[in-house]
Amino acid sequence: MQPYFYSVSEFIAMGKHGVFVWSCWAITVGAMLIFIAYSRRQRQALIKQLTIQQARQAQRTTKTTPSATKHSR
């Protein structure tokens with residue numbers, strides 16, 4: 001069996017198609033990394049918003065509970 005590429009430089013050049021091949025790889029990996037970073041930021045923002053919303057709801061329920069008992073007496 002003979003190797004298709006005899007050296008690393010031949011592998012990188014890929015028969016003069018290396019620029020196209022490696023640029024496609026770089027664009028794909030870059031897009032995936034950007035998507036992962038964007039998704040993580042969106043998730044963190046959503047968790048923060050939900051935490052704030054839960055805290056506000058907890059404050060509303062604690063404020064309305066004592067006043068409701070005053071009116072029922």
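## Trp22 and its ring partner

In this predicted model, Trp22 has a relative accessibility of 32%, and therefore counts as partly exposed, since the partly exposed class lies between the limit for buried residues, under 20%, and the limit for exposed residues, over 50%. Phe11 falls into the partly exposed class as well, because its relative accessibility is 36%.

## The aromatic cluster

The whole structure contains 3 aromatic pairs. In one of them, Tyr4 and Phe5 place their ring centres 4.7 Å apart with the planes at 90 degrees, which means that the pair is edge-to-face. Tyr4 counts as exposed because its relative accessibility is 71%, whereas Phe5, with a relative accessible area of 27%, is partly exposed. Phe11 and Trp22 also make an edge-to-face aromatic pair, with 5.7 Å from centre to centre and 70 degrees between the planes. This pair connects distant parts of the chain, since Phe11 belongs to helix H1 and Trp22 to helix H2, and the two are 11 residues apart.

Taken together, ring pairs join Tyr4, Phe5, Phe11 and Trp22 into a cluster.

## The nonpolar surface patch

Phe11 and Trp22 appear again on the surface, where they belong to a nonpolar patch that also includes Val8, Ile12, Trp25, Val29, Leu33, Phe35 and Ile36. The accessible area of these residues together is about 930 Å². Both helices take part, for H1, which covers residues 8–13, and H2, which covers residues 18–72, each contribute at least two residues to the patch. The most comes from H2, which gives 6 residues.

Phe35, one of the members of this patch, is located in helix H2. With a relative accessibility of 57%, Phe35 counts as exposed, because the exposed class begins over 50%.

## The chain as a whole

Which secondary structure elements make up the protein chain? The chain comes to 2 helices and 0 strands, and H1 and H2 are the helices that meet in the aromatic pair of Phe11 and Trp22.

How much of the protein chain counts as buried? Of its 73 residues, 1% are in the buried class, which takes in residues with under 20% relative accessible area. The chain exposes about 7,300 Å² of surface, of which carbon and sulfur atoms supply 65%.

Definitions and conventions:
Residues are numbered from 1 along each chain as its sequence is written. This is a predicted model: local features need pLDDT of at least 70, side-chain atom pairs count only at pLDDT 80 or more; totals for chains, interfaces and linings use all residues. Side-chain values use heavy atoms; hydrogens and water are left out. Helices (H or I, at least four residues) and strands (E, at least two) are DSSP runs, numbered from the N terminus. Buried means under 20% relative accessible area, exposed over 50%, partly exposed in between (1.4 Å probe, protein chains only). Accessible areas come from the Shrake-Rupley method with a 1.4 Å probe; for residues, only the protein chains shown count as cover. Patches are made of residues with over 30% relative accessible area and no salt bridge: like charges are joined within 9 Å, nonpolar side chains (Val, Leu, Ile, Met, Phe, Trp, Tyr) within 5 Å. A salt bridge is a side-chain nitrogen of Lys or Arg within 4 Å of a carboxyl oxygen of Asp or Glu. Rings of Phe, Tyr and Trp (its six-membered ring) pair if their centres lie within 6.5 Å; planes under 30 degrees apart count as stacked, over 60 as edge-to-face and the rest as tilted.
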